[in-house]
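Biologist: I'd like a close look at one part of this model, the stretch towards the end of the chain and whatever it packs against. Could you walk me through it slowly, as I'm new to this?

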Amino acid sequence: MGRTLWVGRLALQVEGQASQSFSASFELSGTAQQGRFEVFTPLGGTLAQLRWGAGHAELITAEQTRQSESLDALLQEALGADIPVAALFSWLEGNPATAQGWQADLSAIAQGRLVAYRFAPQPQATLRIALTH
């Protein structure tokens, strides 16, 4: 069992007609089965908080609280792209994991850096993570 708390910055760039990018600091804790993911504004305020457990996920923002059976759906709503949560936990622990449509570069994970590319479905996306803790 690896560590259960990751703190750092993430940047997500989604390609397409209206190319969009998102950057924020974050805290990720728990496991792919039960955990918490918090995204913060540059000034340290909470932008969004995701919590999940068996068959239940919740997205909390300043505007609303949404519940779903699908963590992936809520994560897409919060960040604008689907991110494979189970694979993300493995990648952060330095373990290769297969996620449909994604490829991760773990060559710098020992230095706290991860880059993952989504090539399918379109639009393509790049997720960059730099751990600070």
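Modeller: Let's start at Ile129, keeping in mind that this is a predicted model. Leaving aside its neighbours within four places in sequence, Ile129 is in contact with Arg9, Leu10, Phe26, Leu88, Leu92, Gly112, Arg113 and Leu114. Ile129 is also one of the residues that touch the most other members of the largest nonpolar core. That core has 36 residues, and the others on this list are Leu28, Phe37, Trp52, Leu88, Trp91 and Leu127. Which helix gives the most to this core? Helix α2, residues 85-92, does, with 6 residues.

So where does α2 sit? The helix lies across β1, β2, β4, β7, β8 and β9, and runs at about 75° to β2. Strand β9 covers residues 125-131.

Now zoom out to the sheet. There are 9 strands in an open sheet, with antiparallel pairing, and their order is β6-β5-β4-β3-β2-β1-β9-β8-β7. At the edges are β6 (65-68) and β7 (102-105), each of which pairs on one side only. From one strand to the next, the twist averages 20°.

Look at where β9 falls in that order: it stands between β1 and β8. On the β1 side, 7 bridges join the two strands, which run antiparallel. One of the pairs there is Gln13 with Thr126, its bridge partner in β9. On the other side, β8 and β9 also run antiparallel, and they share 6 bridges. Here Arg113 has Ala130 in β9 as its bridge partner. Further along the order, β1 pairs with β2 in the antiparallel sense over 10 bridges, and Val7 finds its bridge partner, Glu27, in β2.

Next comes β8, which spans residues 113-118. Its other partner is β7: 4 bridges join these two strands, and they run antiparallel. Ala104 has Ala116 in β8 as its bridge partner, and Trp102 has Arg118.

Val115 is another residue of β8. Is it buried or exposed? Val115 counts as buried because its relative accessible area is 17%, and the cut-off for buried is under 20%. Skipping neighbours within four places in sequence, its contacts are Gln103, Ala104, Asp105, Thr126, Leu127 and Arg128. Val115 and Trp91 are 24 residues apart along the chain, and their C-alpha atoms are separated by 9.5 Å. If you're tracing side chains along a strand, here's a handy rule: in a regular strand they alternate between the two faces of the sheet.

Arg118, also in β8, deserves a longer stop. You might guess that a charged residue would point outwards, so check the number: Arg118 is buried, with a relative accessible area of 5%. What does its side chain reach? One target is the backbone oxygen of Pro121, at 3.4 Å. Another is the backbone oxygen of Pro123, at 2.4 Å. Apart from neighbours within four places in sequence, Arg118 is in contact with Val14, Ala81, Asp82, Gly101, Trp102, Pro123, Gln124 and Ala125.

Those two prolines take us into the turn between the strands. A hairpin joins β8 to β9 through 6 residues. Pro121 is placed in the loop between β8 and β9, and Pro123 is in the loop between these strands too. Each proline comes with a cis peptide bond: the one joining Ala120 and Pro121 has omega of about -5°, and the one from Gln122 to Pro123 has omega near 0°.

To finish, there's the other helix. α1 covers residues 71-79, and its buried residues are Leu71, Leu74, Leu75 and Leu79. Seen down the axis of α1, these buried residues fall within an arc of 115°, so they line one face of the helix. The helix lies across β1 (5-14), β2 (20-30), β3 (35-40), β4 (46-53), β5 (56-61) and β6, and runs at about 15° to β5. Right after α1 comes Gly80, with a positive phi near 90°. From there, you can look back at Ala81 and Asp82, which are among the contacts of Arg118.

Note on methods. Residues numbered from 1 in each chain as written. Predicted model: local features only at pLDDT ≥ 70, side-chain atom pairs only at ≥ 80, totals over all residues. Heavy atoms only, no water. Buried < 20%, exposed > 50% of the residue type's maximum accessible area, 1.4 Å probe, protein only. Arc of directions from axis to C-beta. Polar contact = N/O pair within 3.5 Å; in protein donor to acceptor, adjacent residues only side chain to side chain. Contact = heavy atoms within 4.5 Å. Core = buried A, V, L, I, M, F, W, Y, C linked by side-chain atoms within 4.5 Å. Pairing = 2+ DSSP bridges. Axes fitted to C-alpha atoms, helices over the stretch in contact; angles between N-to-C directions.
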